[in-house]
Structure formats: structure tokens, C-alpha cells
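The following exercises concern surface and core features of a protein model. Each task is followed by a worked solution.

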Amino acid sequence: MVALEEAVMEIIVNAGQSRSLCFEALRAARAGNFEEAQNLLREADGYSRQAHQMQTKLIEQDAGEARQPMTLIMVHAQDHLMTSLLARELSEEIIQLYQR
């Protein structure tokens with residue numbers, strides 16, 4: 001069983017890193033470095049995947065017998081994850097616009 005505090009911190013850290021890399025990719029694209037931008041997005045995907053995997057573990061525990069308490073820090077972690085996923089999608093679109 002995954003400890004809640006440990007899981008929440010893993011989600012926050014990985015989602016935050018993913019979001020940061022998305023914005024680095026945008027800066028690279030704005031400078032015309034499209035290959036670097038794509039590399040940064042791929043790196044962001046790895047961090048996002050790690051955050052999502054931890055979220056999935058928590059959901060599986062919650063669906064079983066290890067009900068998870070809803071805490072402010074859990075909501076915060078979910079917010080980080082969803083924000084990073086949105087940043088990733090929008091970054092891809094904006095980079096495509098820069099390439100035009």
C-alpha cells in the first residue's frame with residue numbers, strides 16, 4: 001500500500017516538473033528551436049506519466065479496501081496534475097503555431 005503523503009508529493013513533484021518542461025519547450029519554440037522543443041515535450045511526458053501512474057495507484061487503493069481520505073494536499077496534487085496535462089496539450093498546439 002502506498003503512503004498517502006509520499007504519493008501526493010510524488011504527484012506534485014512530477015507534475016510540476018512536467019509543467020516546467022512544457023514552458024521551457026514553449027520558450028525553445030519561440031526562439032525557433034523546434035527540435036529542442038519536441039525533446040522537452042517528450043521529457044515532460046515522462047514526468048507526467050510518473051505522476052499519472054501514482055494517481056492510478058491511489059485510485060486503485062481507494063476503489064479497494066484502503067479508502068483514501070480527501071485532504072487539501074490531495075486536492076492540491078490533483079490540481080498540479082491536471083494543470084500540467086493542460087499545459088502539455090496547449091504547448092503542443094502553440095508550438096505548431098510557431099512552426100507556421
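**Exercise 1.** Identify the residues that form a nonpolar patch on the surface, and state their accessible area together.

*Solution.* Step 1: the patch consists of Leu86, Leu90, Ile94 and Tyr98. Patch members have over 30% relative accessible area and no salt bridge, with nonpolar side chains joined within 5 Å; a salt bridge is a Lys or Arg side-chain nitrogen within 4 Å of an Asp or Glu carboxyl oxygen. Step 2: together they have about 350 Å² of accessible area (Shrake-Rupley method, 1.4 Å probe). Step 3: Ile94 lies in helix α3 (helices are DSSP runs of H or I, at least four residues). Ile94 counts as partly exposed because its relative accessibility is 33%, where buried means under 20%, exposed over 50%, and partly exposed in between.

The model is predicted: local features need pLDDT of at least 70, side-chain atom pairs count only at pLDDT 80 or more, and totals for chains, interfaces and linings use all residues. Residues are numbered from 1 along each chain, and side-chain values use heavy atoms, without hydrogens and water.

**Exercise 2.** Determine which residues have the most contacts inside the largest nonpolar core, and which helix supplies its largest share.

*Solution.* Step 1: this core has 13 residues, and Val8, Ile11 and Leu58 have the most contacts inside it (buried nonpolar residues joined through side-chain atoms within 4.5 Å). Step 2: α1 (4–30), α2 (34–63) and α3 each supply at least two residues of the core; the largest share, six residues, comes from α1. Step 3: another core, of 12 residues, lies apart from it and includes Leu21 and Ile95.

Definitions and conventions:
Patch = residues over 30% accessible without salt bridge, like charges linked within 9 Å, V, L, I, M, F, W, Y side chains within 5 Å. Buried < 20%, exposed > 50% of the residue type's maximum accessible area, 1.4 Å probe, protein only.
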